[in-house]
Number of protein chains: 2
Amino acid sequence: MTDHDGPRFPPRGRRLVWVMLADEIAARIEDGTYPPESRLPAETEFTAEFGCSRESVRRAVKELRRRGLIETVPGKGSFVLPPEERHPQA
Amino acid sequence: MTDHDGPRFPPRGRRLVWVMLADEIAARIEDGTYPPESRLPAETEFTAEFGCSRESVRRAVKELRRRGLIETVPGKGSFVLPPEERHPQA
DNA sequence: GGAAATTTGTTCGTATGTATA
DNA sequence: TTATACATACGAACAAATTTC
């Protein structure tokens, strides 16, 4: 996520930015870095930390919602759902 | 590579809104228009004066924080730091 | 105490320009 | 051409901290 010296587009065989982001955040939820009920860092914070665009962050967050790991409240942020409240879509 | 070795954004010959804003506000701090300890105009006031979006204003304000010229207090506003208290980041 | 207004914080949606595969 | 990705920019709504009445 931090190798932006080369082309911005994922080289052959590499995963998409938003997928890597979603996996990374999901891993942090799994390992307790972002515990249940806690608020995730803001979109702008993720763009700063991962050095990617807001577009990619939002795609990742959307993916995490789809997986049922978080819920997003406009004006507040995205929150980690407790395991028992997770209802993955699709 | 053809003739596109310059910055990819913005288009050649155009300055960024938030950079112009940051420079303008910084100049006003320098010349005493916004003296030490004083509160800057609200974000919405800047959007009105400069005819730009709040996002651009916020980027400019963030840049001024980075330069160590101001500090921001949620619910209150941004305040001009006295020269001796300025600690630019990065 | 409480309600309203002000101000910053955050998200949502959208659009455009540039570049790469 | 289409999809991905980044940077910038606009507008809107809602939330939270603070101030004011």
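How far does a backbone N or O atom of B:Val17 lie from a phosphate oxygen of DNA strand D? The distance is 2.6 Å.

## About the model

This is a predicted model, where local features need pLDDT of at least 70, side-chain atom pairs count only at pLDDT 80 or more, and totals for chains, interfaces and linings use all residues. Side-chain values use heavy atoms, leaving out hydrogens and water, residues are numbered from 1 along each chain as its sequence is written, and chains are lettered from A and ligands numbered from 1 in the order in which they are written.

## Who sits around strand D

There are 27 residues around DNA strand D, counting those with a heavy atom within 4 Å of it. A:Val17, A:Ser56, B:Val17, B:Glu55 and B:Ser56 come nearest. Of the strand D atoms within 4 Å of the protein, 74% belong to sugar and phosphate.

Helices H1 (17–30) and H3 (54–66) of chains A and B each supply at least two residues of this surface; helices here are DSSP runs (H or I, at least four residues), numbered from the N terminus. H3(B) gives the most, with four residues.

## Polar atoms at the DNA

B:Ser53 puts a polar side-chain atom 2.8 Å from a phosphate oxygen of strand D. Over on chain A, a side-chain N or O atom of A:Glu55 is 3.5 Å from a base nitrogen of that strand.

## A look at A:Glu63

A:Glu63 is found in helix H3 of chain A. Its relative accessible area is 12%, so this residue counts as buried (under 20%, 1.4 Å probe, protein chains only). Leaving aside neighbours within four places in sequence, A:Glu63 is in contact (heavy atoms within 4.5 Å) with A:Trp18 and A:Ala22.

Methods: Polar contact = N/O pair within 3.5 Å; in protein donor to acceptor, adjacent residues only side chain to side chain. Buried < 20%, exposed > 50% of the residue type's maximum accessible area, 1.4 Å probe, protein only.
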